[in-house]
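Work through the exercises below with the sequence and the coordinates open beside you. Each one sets a task and then solves it step by step.

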Amino acid sequence: MKKIAVLASALVCASFAQAATLEARDCWVRAMPPNLPSSGYFTVANNGDKPATLTAAETPAFGMTMMHKSESKNGTATMSAVDSVDVPAHGTLNFAPKGYHLMLEEPGKPLKVGSTIPLTLSFADKSTLKVNCDVKSAATVGH
């Protein structure tokens, strides 16, 4: 029984160690009318020696949160869902307009410009990062 407790403790410490090397910042969400989907953006910095894999994001402010990637190929813009995105060791991953972004659907209530909403990022190693996202007017932020 003691071996199981030690193993469980080691796994928890490993998960915390990975999370400790990751930092989420500059999170913001586009305020949209309640009947339209919104989008979310942020940066994840990985100060660790191993890549990390972002596998999901969620917020209680929306019923559905999906990761997407926008691309332009031969003058045609496309958007597709992605299951995971790698954050390189000693590098950053940017979710920004015209690139990786969160699609936020089914808002619980209208978002107020100037408020914040919580966001939880989940990684393949079962670690999570929590970040608060500023709600910004769709009219004042670039695409």
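**Exercise 1. Classify the lining of the second largest cavity, then name the residues and strands that form it.**

Solution. The lining divides into seven nonpolar, two polar and no charged residues, where Ala, Val, Leu, Ile, Met, Phe, Trp, Tyr, Cys and Pro count as nonpolar, Asp, Glu, Lys and Arg as charged, and the others, Gly among them, as polar. The model is a predicted one, in which local features need pLDDT of at least 70 and side-chain atom pairs count only at pLDDT 80 or more, while totals for chains, interfaces and linings use all residues. Residues are numbered from 1 along each chain as its sequence is written, and side-chain values use heavy atoms, with hydrogens and water left out.

The next step is to name the lining residues, which are Val 29, Gly 40, Thr 59, Leu 102, Leu 104, Ile 117, Pro 118, Leu 119 and Cys 133. Strands β8 and β9 (116–123) each supply at least two of them, and the largest share, three residues, comes from β9. Strands here are DSSP runs of E with at least two residues, helices are runs of H or I with at least four, and both are numbered from the N terminus.

The volume of this cavity is about 30 Å³. On a 1 Å grid over the protein atoms alone, a cavity is a set of points where a 1.4 Å probe fits but cannot get out, a pocket is an open set with protein on both sides within 12 Å along at least five of seven lines, and lining residues have an atom within 4 Å of a point. Grid points are joined across faces, edges and corners, and a volume is the space filled by probe spheres set on the points.

**Exercise 2. Describe the largest cavity and the largest pocket by volume and by lining class.**

Solution. The largest cavity has a volume of about 40 Å³, and its lining has seven nonpolar, one polar and no charged residues. Among the residues that line this cavity are Met 32, Phe 62 and Leu 111.

The largest pocket holds about 180 Å³ of space. Eleven residues line this pocket, and Tyr 41, Ser 70, Pro 97, Lys 98 and His 101 lie nearest its centre. By class, the pocket lining has five nonpolar, four polar and two charged residues, with β2 and β8 each supplying at least two residues.

**Exercise 3. How many aromatic pairs does a search of the whole structure find, and which geometry do the pairs of Trp 28 and of Phe 42 have?**

Solution. The search finds three aromatic pairs. Rings of Phe, Tyr and Trp (its six-membered ring) pair if their centres lie within 6.5 Å, and planes under 30 degrees apart count as stacked, over 60 as edge-to-face and the rest as tilted.

For Trp 28 and Tyr 41, the ring centres are 4.4 Å apart and the planes stand at 35 degrees, so the pair is tilted. Because Trp 28 lies in strand β1 (residues 22–31) and Tyr 41 in strand β2 (residues 38–46), this pair ties together parts that are 13 residues apart in sequence. Both Trp 28 and Tyr 41 are buried (under 20% relative accessible area, with exposed over 50% and partly exposed in between, for a 1.4 Å probe and protein chains only).

For Phe 42 and Phe 95, the centres are 4.4 Å apart and the planes are at 20 degrees, so the pair is stacked. This pair links distant parts of the chain, with Phe 42 in strand β2 and Phe 95 in strand β7 (residues 91–95), 53 residues apart. Phe 42 counts as buried at 1% relative accessibility, as does Phe 95 at 2%. Ring pairs link Phe 42, Phe 95 and Tyr 100 into a cluster.

**Exercise 4. Place Phe 42 within the largest nonpolar core.**

Solution. A nonpolar core is a set of buried Ala, Val, Leu, Ile, Met, Phe, Trp, Tyr and Cys residues joined through side-chain atoms within 4.5 Å. The largest has 29 residues, and those with the most contacts inside it are Phe 42, Leu 119, Leu 121 and Phe 123. Strand β1 gives the most to this core, with five residues.

Leaving aside neighbours within four places in sequence, Phe 42 is in contact with residues including Leu 54, Leu 93, Phe 95, Leu 102, Leu 119 and Leu 121, where contact means heavy atoms within 4.5 Å.
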